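This briefing sets out what the coordinates of one protein model show, from the overall fold down to selected residues. Please read it alongside the sequence and the structure displayed here.

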Amino acid sequence: MIDRLAQASVDRRGLVLAVTAAATVAAVVVGLDLRLDALPDLTNNQVLVLTRAQALTPEEVERLVTRPLELSLAGAPGLVEVRSLSRYGISSITAIFQDDVDAYRARQLVSERLASAALPAGVERPELGPLSGGLGEIFHLTLSSTERPLTELHELGRYRVAPLLKTVPGVVEVNAWGGAQRVLWVNASPATLASRGVTLEALQGALQRSIGATAGGALPQGDGQVLVRAVARPPTAAELEAYRVRPALRLGELARVEEGQALRLGAATAEGRGETLYLMVQMLRDANALEVMRGLTAQMDAVRAALPSDVEVHVVYDRAALVRGTLRTVGKNLAEGGLLVMLVLMVFLGNLRAGLLVASVIPLSMAFATAGMRLLGIPGNLMSLGALDFGLLVDGAVVLVEGVFHLVAHRPAPDRPDLRAQVREVAGSSARPIFFAVMVILLVYLPVLSLTGVDGKLFRPMAMTVVLALSAALLLTFTYLPAAASLWLRARDVPHRAPLVVRFLERRFPPVARALAGRPRAVAVGAVLALLGGGAALRSLGVEFTPTLDEGDLVVQTTRRADISLDDAVAEAGALESLLRTQVPEVRSVVSRIGSPAVATDIMGFEQADVFVGLAPRAQWRPGLTREALMREVELLLQARDPGANASLTQPIQMRFNELLGGAVTDMVVSLTGESLDDLARTADAVARAIEGANGVSDVKVLAPPAVPVLTVRPRPLDASQAGLDPGAVLQAVQALKVGLPLGVAYDGQVPIPLALRLEAPPDAALLDGLSLPTDEGRLVPLRRVADVERALAPSLISHRNGARRLLVGFNVRGADLQTAVDAATARVQAQVTVPAGVALAWGGQLESLRAATARLAVVVPLVLLAIAAVLVLAFRSLRTATIIFLHVPFSGVGGALALVLRGLPLSLPAVIGFIALSGVAVMNGVVLLTRVKEREGSGQRSGEAALGAVLERARPVLMTATVAALGFLPMMLAQGPGSEVQRPLATVVVGGLITSTALTLLVLPSLYPLLAARKGTSR
């Protein structure tokens, strides 16, 4: 059937070429809308649930908010895992669903189940976080001004900048750190209130009744009506002070009204110059990152025009730089690979027309593959496009065109102006081996398609793209190529004299092949030694999940003492920024995010900060300075300046990538689960001390801030009633100290201004029990008389995984491969840490994902090898022949392992996928050679003679297919641009493996074939 299709394409070449042209145009039109990004979005299918409970400690948040919500979510269809964090005043729950559950359906399921959850009074209703991926933080900027307070920056950012940025298609949220919301504070003195006989409750009630808006319905007016309403929203302090609390008592006589700031969740600083407003733009999940960035860049002119002239806008992070950098790397590698493939084709074929004809399969295949990616929702990025080898796409075309040249060279064409008959003959005879050879390559990618989780999100797009491109190339080889060759090639295009490279091969190769064919034992010993050496090289390799992508910028994560104030945190961040700006020439900008943003997608306290360090382009660095050396220099500076900051270095995307893998921002985590927080804390500290200093381990930290001091006021109802108060008055007084009692909302234009009542607070926490409470009888009652003030330490954060408490110890890996670092850390923990009863210890992070992927591959790869064997048996109708071809797989692995050792690269998942891809190319070469061997045996030649003759005859196509495949990967192997770190291991394995695989095909197999075939006589 395949041969008839190829021959029919020659007979109806006009129709075939017209259909190909039309299909190509349609594919280009569809492919132009391909989504582009730097990396695949690794986000699991998650829904973020945020619940505010201002008055509750972490343990109370856990007990009263987090656990009830977790129970409500339990059993939701498609739910895989539930993670949660309980902090002071807020609960964050991440519900992770199966990937096949629609994201909007998952959010609907979560909303329905949250609606039935019973929460205590004072707890706000849960809200869902933005529908964005873990890598959706694509654009960061700051607003700063030396003339405006933080409240004005907040309003400019929220009411001018954010609405403009949200109009860009694909933007789902504009989150903010820093700034401050404007509030009208009514500051009351207990003594003044008592002197007028006014309690806090009475003052709050009087003001609440006097502030707001009411509807009066409508009154008739002529033939129509007029709407009636009453509004009392004092926009200034003076107007509010004029309000009457009692008929003869104005508010200004009881309290001082002033404009101030609401309590802040976080702050932002920049360049060591003080506070700023930090805005982070989040992209809608699955949006086109490059298109969104183009829209944001275009919108920045409108943003600057909407701001006062004294407000400076500074872009902190622009994902477009990384996207364009990685796409440039991919494009450069593909272009260089394509040019090398064309050069090889012309060198081996000796004709420009033939080389261009074969090379034309590349853009056509890519057009159809791109259209397939667009239709299947596969974005174009480093992984999906970066592993394409143009050499693989033209292998079938190489075999076909080389076959035509070989036929014409050995059987001159009749007196016709074209090669139509020869093309038809070769297309029919070579279609079957080409089909089975390419099918083998397609089959080897099935294990990659079987990957799930994070590794599946990384590498499945790559496998799908390769499968699409190879499938398109295979179809073109049987349709377009025979038709175009019969029209395009001419008899005179076949050189009368073989090209220089081929002549050299014809002179030098036969003596070597014959010499080795006469020494089968020596060849067998050498082959066995090569296999043993390759196995030893493979065992010596270190292991990592994926190479670290150089994103161009750094993130310094700092954790200071748990009870640090916001002012101190801001001062510390400014000092760190000044240090980096003045001491490291390569640093061009430093911006810090402290605490939590307005939409608490990152629940952090004041003790935690993410410091974004923008670096100059690599060309402007000091001569000889490497990235690792720069990071070490920054680490030493931070340790010398502030040892207590507990700083660790990472990168923006890497930080989110690690968080998705292990629930933490470090490369690896040790997860401790149990019910006793004390046992978890002691064990975590012991684990951290044990792994500190292990080979390759850096930035060790317990990923939970230490306990914080908490003052708890517990009213004594009997004492309170004797003093003329009730427990509610005590609770109100505590809330009024800093949070304030809500009174209503005023407006300055479109800007809402909350109004709140605040009580004068004691100057120090130690004096809280002396706080005076006013009574309606005009007395002041000290707090200690009506309540107990208890001081205790409480956990500042409680983490859950599937309802169980857990504590994480995180560390980064630097200076060693992942497996070496984890092995060293594991040995230390086993030797030095005694895990108490009720505490379970598990290792997670990148190694966990690598092990899961390896376990799946260990099952799927043997099944695929059996499928390949079945295809080979079907093609050759011989199990022995299929086994001989399979020898190419271990021999190709020898070269791949040695290449990794020589380049100092560890065994990573990209390298493993390189071995998988390599096995397909190696088997294809075996199919090309063994097809000719079987043909010679069928004509009556002995096994050894047939093998040697086939090698001498088919050396050119075997070398061409191997060379174009290797050179197609060569630019990726040697690339140094952004994103090349991920491509390098895969390309190194393929290039190195093709060398040993080709050596087996051309040198080892002819010598050992008679022994392996177990026949010395003439073939049947």
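Is Asn-802 buried or exposed? With a relative accessible area of 52%, Asn-802 is exposed, because exposure begins over 50%. The model is a predicted one, and the points below proceed from the protein as a whole to individual sites.

**Overall architecture**

- The protein contains 35 helices and 30 strands.
- Along the principal axes, the C-alpha atoms occupy a box of roughly 120 × 85 × 55 Å.
- The protein has 1020 residues, of which 57% count as buried.
- Among contacts with a separation of 6 or more, 79% join residues 24 or more positions apart.

**Surface and charge**

- The exposed area of the protein is about 41900 Å², and carbon and sulfur atoms supply 58% of it.
- There are 96 positive and 89 negative side chains in the protein.
- The centres of these two sets of charges are 11 Å apart.

**Confidence of the prediction**

- The average pLDDT of the protein is 84, and 95% of the residues score at least 70.
- Residues 1016-1020 have a pLDDT that stays under 50.
- For that stretch, the model has 11 contacts beyond four places in sequence.

**Residues with positive phi**

- Most residues other than glycine have a negative phi.
- Asn-802 has a phi near 55°, a positive value in a residue other than glycine.
- The position of Asn-802 is in the loop between strand E28 (797-801) and strand E29 (804-813).
- Asp-699 also has a positive phi, near 55°, and is not a glycine.
- Asp-699 belongs to strand E21 (residues 697-702).
- Asp-699 counts as buried because its relative accessible area is 12%, which is under 20%.

**Strand E21 at Val-697**

- Val-697 is likewise placed in strand E21.
- The relative accessibility of Val-697 is 10%, so this residue counts as buried.
- Leaving aside neighbours within four places in sequence, Val-697 is in contact with Ile-691, Phe-811, Asn-812, Ala-821 and Ala-825.
- One of these partners, Ala-825, is 128 residues from Val-697 in sequence, with a C-alpha to C-alpha distance of 7.5 Å.

**Helix H18 and the loop that follows**

- Helix H18 spans residues 453-478, and Thr-479 is found in the loop between H18 and helix H19 (480-488).
- Thr-479 counts as buried because its relative accessibility is 14%.
- Apart from neighbours within four places in sequence, Thr-479 is in contact with Leu-5, Ser-9 and Val-16.
- Leu-458 is found in helix H18, and its relative accessibility of 6% is why this residue counts as buried.
- Leu-458 and Ser-939 are separated by 481 residues in sequence and by 49 Å in space, C-alpha to C-alpha.

**Helix H14 at Leu-393**

- Leu-393 is located in helix H14 (residues 390-393).
- Leu-393 has a relative accessible area of 3%, so it is buried.
- Not counting residues up to four places away in sequence, Leu-393 touches Val-361, Ser-365, Ala-469, Leu-470 and Ala-473.
- The C-alpha atoms of Leu-393 and Ala-472 are 8.6 Å apart, with these positions 79 residues apart along the chain.

**Helix H11 at Gly-355**

- Gly-355 is part of helix H11 (residues 352-359).
- A relative accessibility of 1% is why Gly-355 counts as buried.
- Beyond neighbours within four places in sequence, Gly-355 is in contact with Leu-345, Met-346 and Leu-349.
- Gly-355 and Ser-648 are 293 residues apart in sequence, and their C-alpha atoms are 53 Å apart in space.

**Helix H34 and its kink**

- Helix H34 (residues 943-974) has a kink of about 60° at Arg-954.
- The kink lies shortly before the proline Pro-957.
- H34 is mostly covered, with 25 of its 32 residues buried.

Conventions: Residues numbered from 1 in each chain as written. Predicted model: local features only at pLDDT ≥ 70, side-chain atom pairs only at ≥ 80, totals over all residues. Heavy atoms only, no water. Helix = DSSP H or I, 4+ residues; strand = E, 2+ residues; numbered from the N terminus. Buried < 20%, exposed > 50% of the residue type's maximum accessible area, 1.4 Å probe, protein only. Contact = heavy atoms within 4.5 Å. Areas by Shrake-Rupley, 256 points an atom, 1.4 Å probe, with all protein chains shown as cover. Lys, Arg positive; Asp, Glu negative; His and termini not counted. Charge placed at Lys NZ, Arg CZ, Asp CG, Glu CD. pLDDT = per-residue confidence, 0-100. Bend = angle between axes of the 7 residues up to and from the residue.
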